[in-house]
Amino acid sequence: MHLEKNPTTHVVLDVVGPTVEFLLSPGDESSDFCVLKGVLSPGVFVPMHRHPDTEDFVVLSGTIECLKITENGHEWISGKAGDFFHVPSNALHAWRNVSSEPTTLLITTTKKMGHFFEEIGIPWLGRPQMPTPEVLAHLIETSERYGYWNASPEENAAVGINMSFK
């Protein structure tokens, strides 16, 4: 084993809106975790969800909003380059880019979450792809198999995420 600067697998996937590039693959036996570079284009969101996997995010460029659920409801917390977000196990959360510029995040998570992204992702073709009913059905089935929970369109609407693809 040796030190490597800027490792990448060159695998970039569209994960139903955002893209992820695997910097450290979940299959890398020399690491205990998975590291990704995520990009949310303007208008892209990650709907409200939760999972037992811990995630850490560093905003590398752009701005992002992260949903935080509180005892009194919810709030959107803004992040900018240099900000760090820690999402504990089973914390309800969501992401959205309401700016006019892409947001890039450094993501450190479990190998299990990395494998989940590998299963739901489709090869990035250099442009966003509208999710098909089959892609969404695969996302739901895979989430259930991994023990991940996804909010309904109505639950997302209640916190300001419009799930309409029209």
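**Sheet, helix and core in a predicted model**

In strand E8, phenylalanine 85 is the bridge partner of phenylalanine 57. This pair belongs to a predicted model, in which E5 and E8 run antiparallel and are joined by four bridges. Along E8 the side chains alternate, with Phe85 and Val87 pointing to one face, where they are buried, while Phe84 and His86 point to the other and are not buried. Such an arrangement follows a general pattern, since in a regular strand the side chains alternate between the two faces of the sheet.

The strands E8 and E5 are part of an open sheet of seven strands, which has the order E8-E5-E10-E3-E2-E1-E11 and antiparallel pairing. E8 and strand E11 (122–123) stand at the edges, and each has a single partner strand, so one side of each is left without a neighbour in the sheet. Within the sheet, E3 and E10 run antiparallel and are joined by seven bridges, and one residue pair can be followed here by eye, for cysteine 34 has threonine 109 in E10 as its bridge partner. In general, strands of a sheet pair through backbone hydrogen bonds, either parallel or antiparallel.

Leucine 60 is found in strand E5 and, with a relative accessible area of 44%, is partly exposed, because this value falls between the limits of 20% for buried and 50% for exposed residues. When neighbours within four places in sequence are left aside, leucine 60 is in contact with Ala81, Thr104, Leu105 and Leu106. The C-alpha atoms of leucine 60 and alanine 81 are separated by 4.9 Å, although the two residues lie 21 residues apart along the chain.

Helix H1 lies across strand E1 (12–14), E2, E3, E5, E10 and E11, and runs at about 135° to E2. The largest nonpolar core contains 24 residues, among which Trp95, Phe116 and Phe117 touch the most other members. At least two residues of this core are supplied by each of strand E2 (19–24), strand E3 (34–40), strand E5 (55–61), strand E6 (63–70), strand E8 (84–87), strand E10 (103–109), helix H1 (111–120) and helix H2 (133–146), and H1 gives the most, with four residues. For phenylalanine 117, the contacts beyond its neighbours within four places in sequence are with Leu13, Val15, Val20, Phe22 and Leu36. A second, separate core consists of nine residues, including Met48, Ala94, Ala151 and Ile161.

Taken over the whole protein chain, the secondary structure comes to three helices and twelve strands. The radius of gyration is 15 Å, close to the 15 Å that the globule rule gives for 166 residues, so the chain is as compact as a globular protein of that length. Along its principal axes the C-alpha trace spans about 50 × 35 × 30 Å. Of the 166 residues, 37% count as buried, and the accessible surface comes to about 9,300 Å², of which 57% belongs to carbon and sulfur atoms. Among contacts with a separation of 6 or more, 70% are accounted for by residues 24 or more positions apart.

Two residues in the segment before E1 deserve separate mention. Asparagine 6, found in that segment, has a positive phi of about 55° although it is not a glycine, and at 63% relative accessibility asparagine 6 counts as exposed. Histidine 10, whose place is also in the segment before E1, has a positive phi of about 65° although it is not a glycine, and histidine 10 is exposed, with a relative accessible area of 66%.

Terms used: Residues are numbered from 1 along each chain as its sequence is written. This is a predicted model: local features need pLDDT of at least 70, side-chain atom pairs count only at pLDDT 80 or more; totals for chains, interfaces and linings use all residues. Side-chain values use heavy atoms; hydrogens and water are left out. A nonpolar core is a set of buried Ala, Val, Leu, Ile, Met, Phe, Trp, Tyr and Cys residues joined through side-chain atoms within 4.5 Å. Buried means under 20% relative accessible area, exposed over 50%, partly exposed in between (1.4 Å probe, protein chains only). Contact means heavy atoms within 4.5 Å. Two strands pair if DSSP finds at least two bridges between them. Axes are lines fitted to C-alpha atoms, for helices over the stretch in contact, and angles run from 0 to 180 degrees between N-to-C directions. The radius of gyration is taken over C-alpha atoms; the globule rule is 2.2 Å times the number of residues to the power 0.38. Accessible areas come from the Shrake-Rupley method with a 1.4 Å probe; for residues, only the protein chains shown count as cover.
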